[in-house]
Amino acid sequence: MIEQLWLPVIIWTLVAAPLTWALSRYESLNAIYHYHIRTALLLVLPLALLGTYLMDKINSATESTASGLTIIIQNPIPVSATSSDPSILSSLMTVQFWTGNISLIFLIGAILLLLKLLVDFTRLRAIGKELNFTSLANEQELLAILPESSSQYKNTQIAYSANTAIPYTYGWLKTKIVLPTDLKGDTESLAMAVQHELIHIKNHDFLLNSFLVSIKNLFWFHPLVNHLYASREEYREILCDSQVLATNRFSKKKYASLLFELAKQDHNQQLALSMAVSKSSLKKRIQIMSNQDHTSMNFRSSFLITLFAASLLTITISCTDMADDNITKSDVEQTQAQMSNNSSENFPLYIVNGEEWEKTEENKRKLTRLKPKYIKSVNVLKGENAENQYGNKGKNGVIKMEVNNPDKAFTDLKDEAIFPPSTPSKADDGDYYVTVKDMPELVGGLGSLQQMINYPKEASEAGAEGRVIVQFIINKDGNIENPTIVKSVHESLDEEALRVVKQADFTPGKVDGEPVRVQYSLPISFRLSTDNQDS
């Protein structure tokens, strides 16, 4: 839920907020750009969520090499604790509890608002059935005042109603216009109102608005979504005003007077598109009518620029993924160096994509030269852990590897000159080695370290578990320097991992028989046992 819902919403917010602020600072920008940018930002949000979902499905289906990588550099130390029943207070303090319940509240709200929207659509349709609609072509006196371009909409259905004070438009496929009966007495005002509504029909505004109001209801909790929707409504009407006046058929003063009169009226059709959005927008609409050149608005260029930007933003959000346990170059080199140091008589058991590989030099050479981009996961098992799972076959350890696209992976290998199995590899600053032939070894083995670990009560009560990775330097004396957490799970688990690592003793790594400083990574996996598992 966090990755496929909240992460895209957060990224969208971080992009949309500064853009919205910039638009508010530059109100002199042509109204068409205000309208298209706001529309695009609203459309990007659900499209980005859909794109995130589809990208996840595509990656799962194709096993893309760009998927998250997980590697266990050495045998993870499993630490179990019997799972105690958490208290009510500890349950309320978990991230999962709050994320799930907040999401549930938002979902219930969205469902209720969408149901209300459906009811409003039904009511609007019922009102339309009670009206007597006729073709615009039958209004000859009205057609004579309208611009010539309006003749293509002469089959548009119009009706007069005494129950409405503001002209409005509705309908997805066959859009209809409802006009106040009072306007019949003023032919010019009636023509301006009809022309305004015909612009809505030309731009397919009702269909687009139905989709955007659904988005607003889905994300009802997001203040930026509500602000963008409300301000877009204003600019939609301003854009229609400009297109009406661009015909040069109507007086700006007369049109402004009509808007002023309509602003006094109450509009009870929330879904239908009306000339009067809100009283607060009247001043802005009249100012823009007075100041802007209504013939300079390039609808096509504004639409194409906004479409390109929206598509780019949608793809960016869709392709954003939460980081998994991604491996670094040094992690891969360290693991492969450990694999290459095994002599022929001490070969571990190689298991690639669930199949056992023969213990040959050729197979070892392929695995040590495998490029990280093909590695999905590597798990190195040693000692009792390996023998318990694989019997005598695992006496020399087990290397389990999941590889994407194996046919290509084992032909597209590293050059041996670039990665000779036993060549020491230094860090960029030259202060320590990343890989050496004789790697440091834990005195007493992993079992000795495991005995020192205690599962923190705080983590156990909170149900926290997972893998903590500690990275540190083993100096020439085998002592630990600068241990740091490179993958965190829970504060108490991190502290316990650091405490244990600081007590560990190592034999130093060597190059040509001389002790050297070596970087080392140690994963510690904390797992809570269930009722059917031993502690």
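**Close-ups of a predicted model**

**View 1. A nonpolar patch sits on the surface.** In this predicted model, seven names are worth finding: Leu-104, Leu-107, Ile-108, Ile-111, Leu-112, Leu-115 and Leu-118 form the patch, and together they have about 670 Å² of accessible area. Pick out Leu-118 and you'll be looking at helix H4, which runs over residues 95-130. Leu-118 has a relative accessible area of 53%, and the cut-off for exposed is over 50%, so Leu-118 counts as exposed.

**View 2. Leu-142 is a buried leucine in helix H5.** Helix H5 takes in residues 140-145. Is Leu-142 buried or exposed? With a relative accessible area of just 3%, Leu-142 is buried. So which residues does Leu-142 touch, if we skip those up to four places away in sequence? They are Leu-136, Thr-187, Leu-190, Ala-191 and Val-194. Now look across to Glu-188: Leu-142 and Glu-188 are 46 residues apart in sequence, while their C-alpha atoms are 8.3 Å apart in space.

**View 3. Helix H6 is largely enclosed by the rest of the structure.** Helix H6 covers residues 187-202. Of its 16 residues, 13 are buried, which is why we can call H6 largely enclosed. You can also check its length: at 1.5 Å a residue, H6 should span 22 Å, and its end C-alpha atoms are indeed 22 Å apart, so the two values agree.

**View 4. His-204 follows helix H6.** Once you've traced H6, move along to His-204 and check its backbone: phi is positive here, near 55°.

Technical notes: Residues are numbered from 1 along each chain as its sequence is written. This is a predicted model: local features need pLDDT of at least 70, side-chain atom pairs count only at pLDDT 80 or more; totals for chains, interfaces and linings use all residues. Side-chain values use heavy atoms; hydrogens and water are left out. Helices (H or I, at least four residues) and strands (E, at least two) are DSSP runs, numbered from the N terminus. The expected span of a helix is 1.5 Å times one less than its number of residues. Buried means under 20% relative accessible area, exposed over 50%, partly exposed in between (1.4 Å probe, protein chains only). Contact means heavy atoms within 4.5 Å. Patches are made of residues with over 30% relative accessible area and no salt bridge: like charges are joined within 9 Å, nonpolar side chains (Val, Leu, Ile, Met, Phe, Trp, Tyr) within 5 Å. Accessible areas come from the Shrake-Rupley method with a 1.4 Å probe; for residues, only the protein chains shown count as cover. A salt bridge is a side-chain nitrogen of Lys or Arg within 4 Å of a carboxyl oxygen of Asp or Glu.
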